[in-house]
Structures are given as C-alpha cells and as structure tokens.
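Visitor: I am new to this protein, and I would like to know how the terms used for it are justified. Could you show it to me and take me through the reasoning?

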Amino acid sequence: MRFNGLVCSFFLTALAGLGCSSSASTASDAAPDTGGGAFMAIAPCTNASDYVAGMTAITTLAALRYSPQCLKVTAGTQVSIQASSTHPLSGLATGSASNPIPTGSKTTDQMVTFARVGFYPFQCDIHSGFGMKGVVWVQ
Ligand SMILES: [Cu+2]
C-alpha cells in the first residue's frame, strides 16, 4: 500500500488530482499522505482529520477564526487567503521550509500557489492570541 501511495502522489503532482485523492483517503489508510514527510501537528490542526479538502479559498470570520482553519490541497493549487487591516495575514516558519504564504502582516487578500508538499501555517497577526490561525497541508 505504501508503494501505491507513492505512485498516487506522483500522479497527483503531475495531473493535479484526477481521482487519486479519493482512493488514497479511504478509511482503511492508516497513515495520511504527507508526500513522503512526517505528519506535522500544528495547532489548531493537530490531527489529519482536522483538514478539509476540495476548497481553494480561506476566509476570515467575525468570530476571529479562519474558515476553513485546516485546508488540504494538492501541489500546484492556488488558494486565496482573505486578509484586511482588521485581519492582517502572515505566513509562519513553524511548518515546512519555504512557506509560500507571505510574511509581514499583509492587509489585502493573498493568492498563494502551493507548489511543494508540506505543512504551511499562517495567522492573523492581531488575533493569533485568540486562536485565529490555520494551516494549509499540501499533498
Ligand atoms: Cu484577525
């Protein structure tokens, strides 16, 4: 099954997800697909089951949360992350190397292309203390 997972990851990268993700995410899969690396538990996304898939936009909620907080995409996916002067966005260095989410309290919506597999955390610089954080998991 490990071999199949690796092959599937390769084709996911090459074809941007033509059916691999559903077959790779069955309940019988013991280990999540991390693209060869270890699963990174980063608050508030400490379990693989915290992640949602099938979305390409992360929005800010009045309740000082991101929606979704934990987003799973395939490599090559472009994701819009909402940001404003009320919710300035910064990528964090606590996940995988070379987080493509910009740092520096961005106050306009950011279109981020996730080229490489990994775990890329981000936060609202004003409300991170209230838990306004998230992670993009790229497979
Ligand atoms: Cu905020």
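**Core and sheet**

Guide: In this predicted model, the largest nonpolar core has 23 residues, of which Val79, Ile81, Phe114, Tyr120, Val135 and Val136 touch the most other members. At least two residues of this core come from each of β4 (70–73), β5, β7, β8 (118–124) and β9 (133–138).

Visitor: What makes Val79 and Phe114 members of a nonpolar core?

Guide: A core of this kind is a set of buried residues of certain types, Val and Phe among them, joined through C-beta atoms within 7 Å. Val79 and Phe114 are listed in the largest core, and Phe114 touches Val79, as well as others including Tyr120 and Val136.

Visitor: How do you know that β5 and β7 pair?

Guide: Two strands pair if at least two bridges are found between them, and five bridges join β5 (residues 77–81) to β7, so the condition is met and the two strands, which run antiparallel, count as a pair. One of the bridge partnerships links Ile81 with Gln110 in β7.

Visitor: Why are β3 and β7 called edge strands?

Guide: The open sheet has four strands in the order β3-β2-β5-β7, with mixed pairing. Each of β3 (65–67) and β7 (110–114) pairs on one side only, and these are the edge strands. Neighbouring strands of this sheet are turned by 25° against each other on average, with direction ignored.

Visitor: What share of the protein chain counts as buried?

Guide: A residue is buried if 20 or more other C-beta atoms lie within 10 Å of its own, and 29% of the 139 residues count as buried.

Note on methods
Residues are numbered from 1 along each chain as its sequence is written. This is a predicted model: local features need pLDDT of at least 70, side-chain atom pairs count only at pLDDT 80 or more; totals for chains, interfaces and linings use all residues. Axes are lines fitted to C-alpha atoms, for helices over the stretch in contact, and angles run from 0 to 180 degrees between N-to-C directions. A residue is buried if 20 or more other C-beta atoms lie within 10 Å of its own, exposed if 12 or fewer, and partly exposed in between; C-beta atoms are placed from the backbone. Two residues are in contact if their C-beta atoms, placed from the backbone, lie within 7 Å. Lists of a residue's contacts leave out its neighbours within four places in sequence.
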